[in-house]
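This report takes up the pockets, the aromatic rings and the cysteines of one model.

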Amino acid sequence: MQSHLFSTCDFCDAARDAPPAGFAVLPAVFHNFASAAPFCGTVVTVQCFEDNTSVRALLETPGQGRVLVVAGAGSRRTALLGGNLGQLAARNGWAGVVVDGCVRDVAELAGLPVGIRALAAMPMPPMKRQPGLVDVAVYVQGVAVQPGDWLYADADGMVVSRTPLHQP
């Protein structure tokens with residue numbers, strides 16, 4: 001995981017009165033399931049529902065410090081990321097994974113040097129019925145996120161921006 005010095009609070013302070021186009025704050029419904037260190041990177045998206053086939057396929061590729069945003073429609077019936085995929089993300093250089101859905105294998109995820117945020121923990125594994133759509137515009141808890149956006153996550157929350165908000 002890359003270490004960055006930034007503050008989502010500072011970004012929000014600067015954007016409060018006149019947010020730039022493409023700037024948004026993700027709702028405060030996500031929980032931290034791995035490293036507490038801040039993370040950021042350009043966004044890769046996958047839209048899927050209770051099937052993590054495309055999530056695995058992406059995490060098997062070099063992450064190059066990017067953040068995978070999984071638009072899982074907020075489902076709390078199955079997990080879209082667990083210990084094995086978390087290890088893949090860390091090993092392949094992803095800065096983080098944000099899941100609009102659930103994760104599992106929480107004890108395994110906790111020690112990984114990669115950012116992982118999700119709505120909740122759920123022990124039920126995902127289905128393997130229909131792979132998702134990769135690199136498409138998605139909505140995460142009502143917030144528009146596009147491939148190539150920047151995502152910043154720290155202890156105070158997560159923001160997305162069409163343009164970089166700081167220099168690493």
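A pocket is here an open set of points on a 1 Å grid, with protein on both sides within 12 Å along at least five of seven lines, and its volume is the space filled by probe spheres set on those points. The model to which this is applied is a predicted one.

**Pockets**

The second largest pocket has a volume of about 180 Å³, while the largest pocket holds about 250 Å³ of space. The table sets out the two pockets and the classes of their lining residues.

| Pocket | Volume | Lining by class |
|---|---|---|
| Largest pocket | about 250 Å³ | 11 nonpolar, 4 polar and 3 charged residues |
| Second largest pocket | about 180 Å³ | 5 nonpolar, 3 polar and 3 charged residues |

The lining of the largest pocket consists of 18 residues, and those nearest its centre are Arg117, Asp154, Asp156, Gly157 and Met158. At least two lining residues of the largest pocket come from each of helix H1 (8-15), strand S2 (31-32) and strand S12 (157-161). The residues that line the second largest pocket include Gln47, Cys48, Phe49, Glu50 and Asp51, as well as Met127, Arg129, Gln130, Pro131, Gly132 and Leu133.

**Aromatic rings**

The structure has 4 aromatic pairs. In one of them, Phe6 and Tyr152 meet edge-to-face, with 5.3 Å from centre to centre and 75 degrees between the planes. Because Phe6 belongs to the segment before H1 and Tyr152 to strand S11 (residues 150-154), this pair ties together parts that are 146 residues apart in sequence. Both Phe6 and Tyr152 are buried. Tyr152 also pairs with Trp150, and this pair is stacked because the ring centres are 6.2 Å apart and the planes lie at 20 degrees. Trp150 is partly exposed, at 23% relative accessibility, whereas Tyr152 is buried at 0%. Phe6, Trp150 and Tyr152 join Phe11 in one aromatic cluster.

**Cysteines**

How many disulfides does the structure hold? The count is 0, and two of the cysteines illustrate this in some detail. The sulfur of Cys9 has its closest cysteine sulfur in Cys12, at 6.7 Å, which is too far for a bond, because a disulfide requires the two sulfur atoms to lie within 2.5 Å. Cys102 is likewise in no disulfide, and the nearest cysteine sulfur to it, that of Cys48, is 12 Å away. As for their surroundings, Cys9 is partly exposed, with a relative accessible area of 34%, whereas Cys102 counts as buried at 1% relative accessibility. Cys48, for its part, is among the residues lining the second largest pocket.

How values were computed: Residues are numbered from 1 along each chain as its sequence is written. This is a predicted model: local features need pLDDT of at least 70, side-chain atom pairs count only at pLDDT 80 or more; totals for chains, interfaces and linings use all residues. Side-chain values use heavy atoms; hydrogens and water are left out. Buried means under 20% relative accessible area, exposed over 50%, partly exposed in between (1.4 Å probe, protein chains only). On a 1 Å grid over the protein atoms alone, a cavity is a set of points where a 1.4 Å probe fits but cannot get out, and a pocket is an open set with protein on both sides within 12 Å along at least five of seven lines; lining residues have an atom within 4 Å of a point. Helices (H or I, at least four residues) and strands (E, at least two) are DSSP runs, numbered from the N terminus. Ala, Val, Leu, Ile, Met, Phe, Trp, Tyr, Cys and Pro count as nonpolar, Asp, Glu, Lys and Arg as charged, and the others, Gly among them, as polar. Rings of Phe, Tyr and Trp (its six-membered ring) pair if their centres lie within 6.5 Å; planes under 30 degrees apart count as stacked, over 60 as edge-to-face and the rest as tilted.
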